[in-house]
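Here are some exercises to work through with the model open beside you. Try each task on your own before reading the solution.

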Amino acid sequence: MLTVYAPAVLEGFEWVAPDRGVDHEALLQLDGTSRSSNWTPLNVRLIKADVDSGNLHESDFPWLGVHALVLRRSAMEVLLGLLAHEAEFLPLACADAELWVLNPLRVDDALDESNSDVVRFGDGKLLKIDRPVFDALLLKT
């Protein structure tokens, strides 16, 4: 079995926020389907300060949420060669930085539900996965 680390917010570093709620919904729809042919960059802003900690540090991966990995150019260029056939990098429109969101193009059904911490709604539909565990034998190479 393979356990995968899920990203978490790191205190003190900048965040990204979509300008419109509908754009946040578009980011939730990144599901392994290629979007590059009809992608229009979504308007986002960098959040560089907050009331609790003041100025936030610059990040190669500004936090948006666990559902969308946002990258600055430096991080995108490193990962581009590694993930060229596994993902696409979709540009975001931001006045303060060149940013992309990673859209994975490979989705394997390898979740080992019996060993994962899975939360379901009353009707059995998936709500969230707190701790995923994957069956390495089911992951495609």
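**Exercise 1. Find which strands helix 1 lies across, and its angle to strand 3.**

Solution. Start at residues 21–28, which form helix 1. Helices (H or I, at least four residues) and strands (E, at least two) are DSSP runs, numbered from the N terminus. Next, look for contacts, meaning heavy atoms within 4.5 Å. Helix 1 lies across strand 2, strand 3 and strand 8. Finally, compare directions: helix 1 runs at about 100° to strand 3. Axes here are lines fitted to C-alpha atoms, for helices over the stretch in contact, and angles run from 0 to 180 degrees between N-to-C directions.

A word on the source: this is a predicted model, in which local features need pLDDT of at least 70 and side-chain atom pairs count only at pLDDT 80 or more, while totals for chains, interfaces and linings use all residues. Residues are numbered from 1 along each chain as its sequence is written, and side-chain values use heavy atoms, with hydrogens and water left out.

**Exercise 2. Work out the strand order of the open sheet.**

Solution. Begin with strand 7 (residues 87–93). On one side, two bridges join strand 7 to strand 3 (residues 42–47), and these two run parallel. Leu92 of strand 7 is the bridge partner of Leu42. Six bridges join strand 7 to strand 8, this time antiparallel, and Leu90 stands opposite Val101 in strand 8. A hairpin of five residues links strand 7 to strand 8. Two strands count as paired if DSSP finds at least two bridges between them.

Now extend outwards: the five strands of this open sheet come in the order 2-3-7-8-6, with mixed pairing. At the edges sit strand 2 (15–18) and strand 6 (70–72), each pairing on one side only. Neighbouring strands of the sheet are turned by 45° against each other on average, direction ignored. Helix 2 (residues 73–83) also packs on the sheet, where it touches strand 6, strand 7 and strand 8 and makes about 110° with the direction of strand 6.

**Exercise 3. Decide how many residues of strand 7 are buried.**

Solution. Apply the cut-offs for relative accessible area: buried means under 20%, exposed over 50%, and partly exposed in between (1.4 Å probe, protein chains only). Five of the seven residues of strand 7 are buried, leaving the strand mostly covered. For the protein as a whole, 31% of its 141 residues count as buried.

**Exercise 4. Name the contacts of Leu79, leaving aside neighbours within four places in sequence.**

Solution. Locate Leu79 in helix 2. With those neighbours set aside, Leu79 is in contact with Phe61, Leu71 and Phe89.

**Exercise 5. Which side chain shares a polar contact with Asp112?**

Solution. Go to the loop between strand 8 (99–104) and strand 9 (117–120), where Asp112 is placed. The side chains of Asp112 and Ser114 are joined by a polar contact of 2.8 Å. Such a contact is a pair of N or O atoms within 3.5 Å; within protein, one must be able to donate a hydrogen and the other to accept it, and residues adjacent in sequence count only if both atoms are side-chain atoms.
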